[in-house]
Amino acid sequence: MHVRTRIAVIGAGLGGLTVAGLLQRRGHQVTVHEQAPGFGRIGAGIILSANAVKVLRHLGIEAALLDTGICPAAFLSRDWVTGETSFALPLDAATEARFGAAFLNIHRADLHDILRAALAPGSLHLGHRLEDMRETPQGVALRFANGEALEADIVIGGDGIHSRLRALLFGEAPPRFTGRMAQRAIFPTARLGGLPVDDCTKWWGPDRHALSYFLTSRRDELYVMASVPGAHWDGTDLSRPLPRDAFLASFDQATPALRRLVEGATECAVWPICDRPRDDRWHQGRAVLLGDACHPVRPYMAAGGASAIEDAAALARCLHEFDDAAEAFHHYAATRIPRVAEVQRISLANTWMRGPEEALDWFFGHDAMAAPLAVPA
Ligand SMILES: Cc1cc2nc3c(=O)[nH]c(=O)nc-3n(C[C@H](O)[C@H](O)[C@H](O)COP(=O)(O)OP(=O)(O)OC[C@H]3O[C@@H](n4cnc5c(N)ncnc54)[C@H](O)[C@@H]3O)c2cc1C
């Protein structure tokens, strides 16, 4: 292993922040370049399964995550119309021991704050939107929309589903709109007037589903995300406000328990759900991709973020172990692609944890920091 001095990460998302933090902790010099000028508190939560938490503990942030988010008592699958429970996974000490870490639900903004705080001071550069990249004899030359330029030995694209780095490497290919919308709302639990609410439930409907979960261990903030049919999405904006009535109307046919729960919503928003057909081109030359930049999935297994975090773990290990970047990238891709392909397949089918027949250990029990790295074919 030699310490790398010039690694540039594009995008301060879940994957980008994780890979940067892990590499920095091993002595490599990494800078992160994020297009946003700052971070707002967008209205969304995220489920961090045990496999993701096992990686994040290597950043020294597990306690902060546990303090800020909530370990739900159980994950429940319930029928949208009848309310009947088809599956329950207790998230107790036995489950934590089985999978090697707790499950966590958390506000995305809180997760980002904690991940950013784990970076080396001064290594995050906001307002840096990657525009162009070309290979040089020494490495890569990066150009940003703010006029700044940077030379690096390696560039890591953690720039999400609309990845500019991916387009520069393999050509423009806009994400595919799936004909589904994600409607989201976060609201104080106090608005429900004492209605009993389970910690984390997936509600399965005939043509739609929803997730409802608390975002804090005080159980004072609830998040509801519904995936509903939507014919088209015009324009390039990533999300839009949604009238409360339109949000409630999506639940017209729902069991009274769910209808009463969503009554608490105040401000709502809608996002288009997009993905991309599987594409196993994850690296070229001195550039490599991770997370949604190379494998965006429909959010039906709650595994896109966890997969980006696992990618970050495998990539950091490969870059640390192999001096040659190409060798590192080949090992990384060989390690990750078969596993991610399975996540993509299950996410598309939308079957994960609907009933008790699923095998859960291969996903939740995985430890991306310790699992053997695959040898490229
Ligand atoms: C409705 C919904 C619910 C979901 N729920 C879950 C869940 O419960 N659990 C889970 O694990 N996953 C979930 N996911 C998936 C998860 O959000 C994504 O898979 C995850 O955020 C991908 O992480 P990433 O680091 O690859 O990209 P992102 O987190 O999207 O980060 C990309 C970053 O790159 C920046 N960027 C983009 N372009 C540029 C550029 N040109 N230059 C510089 N910076 C740039 C962006 O501003 C952003 O900060 C959900 C997704 C959706 C849509």
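This section describes the strand pairing and the ligand surroundings of a predicted model.

An eight-stranded open sheet is a convenient place to begin. Its strands follow the order β5-β4-β13-β14-β15-β12-β17-β16, and their pairing is mixed. At the edges stand β5 (85-90) and β16 (240-242); each has a single partner strand, so one side of each is left without a neighbour in the sheet. From one strand to the next, the twist averages 20°.

Within this sheet, strand β14 (residues 209-214) pairs with strand β13 (residues 200-204) in the antiparallel sense, through five bridges. Two of the facing positions can be named: T201 stands opposite S212 of β14, and W203 has A210 of β14 as its bridge partner. The two strands, β13 and β14, make a hairpin in which four residues lie between them. Strand β14 also pairs with strand β15 (residues 221-229), again in the antiparallel sense, here over six bridges. One of the facing positions on this side is H209, which stands opposite S227 in β15. The hairpin of β14 and β15 has six residues between the strands, and R219 in this hairpin takes a positive phi near 55°.

The surroundings of β14 deserve a closer look. Six of its six residues are buried, so β14 is largely enclosed by the rest of the structure. The side chains alternate in direction: H209, L211 and Y213 point one way, whereas A210, S212 and F214 point the other way, and all are buried. H209, a residue of strand β14, has a relative accessible area of 3%; because buried means under 20%, H209 counts as buried. The side chain of H209 nevertheless has a polar partner, as it makes a polar contact of 3.3 Å with the side chain of N350.

Elsewhere, strand β11 (residues 154-157) offers another view of enclosed positions. From this strand, I154 and I156 point one way and V155 and G157 the other way, and all are buried. Strand β11 runs parallel to strand β1 (residues 7-10), to which four bridges join it. Strand β11 is likewise parallel to strand β19 (residues 287-289), with three bridges joining the two. I156 takes part in both pairings: it is the bridge partner of V9, and its own bridge partner in β19 is V288.

A further open sheet has three strands, in the order β8-β9-β10, with antiparallel pairing. Its edge strands are β8 (130-135) and β10 (149-152), each of which pairs on one side only. The twist in this sheet averages 20° from one strand to the next. Four bridges link strand β9 (residues 140-144) to β10 in the antiparallel sense; among the positions on these strands, V140 has A152 of β10 as its bridge partner.

Attention now turns to the ligand. Around it are 30 residues, of which G15, E34, R108, R184 and D292 come nearest. By class, this shell has 12 nonpolar, 11 polar and seven charged residues. Several elements contribute to the shell: α1 (14-25), β3 (45-48), β12 (176-188) and α9 (304-321) each supply at least two residues. The largest share, four residues, comes from α9. One of the contributing strands, β12, also belongs to the eight-stranded sheet, where β12 follows β15 in the order.

Backbone atoms of the protein also lie close to polar atoms of the ligand. A polar backbone atom of L130 is 2.9 Å from a nitrogen atom of the ligand, and a backbone N or O atom of A302 is 3.2 Å from a ligand nitrogen atom. For G304, a backbone N or O atom lies 3.3 Å from an oxygen atom of the ligand. On its own, the ligand has 1,000 Å² of accessible area, and the protein covers 85% of that area.

Methods
Residues are numbered from 1 along each chain as its sequence is written. This is a predicted model: local features need pLDDT of at least 70, side-chain atom pairs count only at pLDDT 80 or more; totals for chains, interfaces and linings use all residues. Side-chain values use heavy atoms; hydrogens and water are left out. Two strands pair if DSSP finds at least two bridges between them. Axes are lines fitted to C-alpha atoms, for helices over the stretch in contact, and angles run from 0 to 180 degrees between N-to-C directions. A residue is near a molecule or strand if one of its heavy atoms lies within 4 Å of it. A polar contact is a pair of N or O atoms within 3.5 Å; within protein, one must be able to donate a hydrogen and the other to accept it, and residues adjacent in sequence count only if both atoms are side-chain atoms. Accessible areas come from the Shrake-Rupley method with a 1.4 Å probe; for residues, only the protein chains shown count as cover. Ala, Val, Leu, Ile, Met, Phe, Trp, Tyr, Cys and Pro count as nonpolar, Asp, Glu, Lys and Arg as charged, and the others, Gly among them, as polar. Buried means under 20% relative accessible area, exposed over 50%, partly exposed in between (1.4 Å probe, protein chains only).
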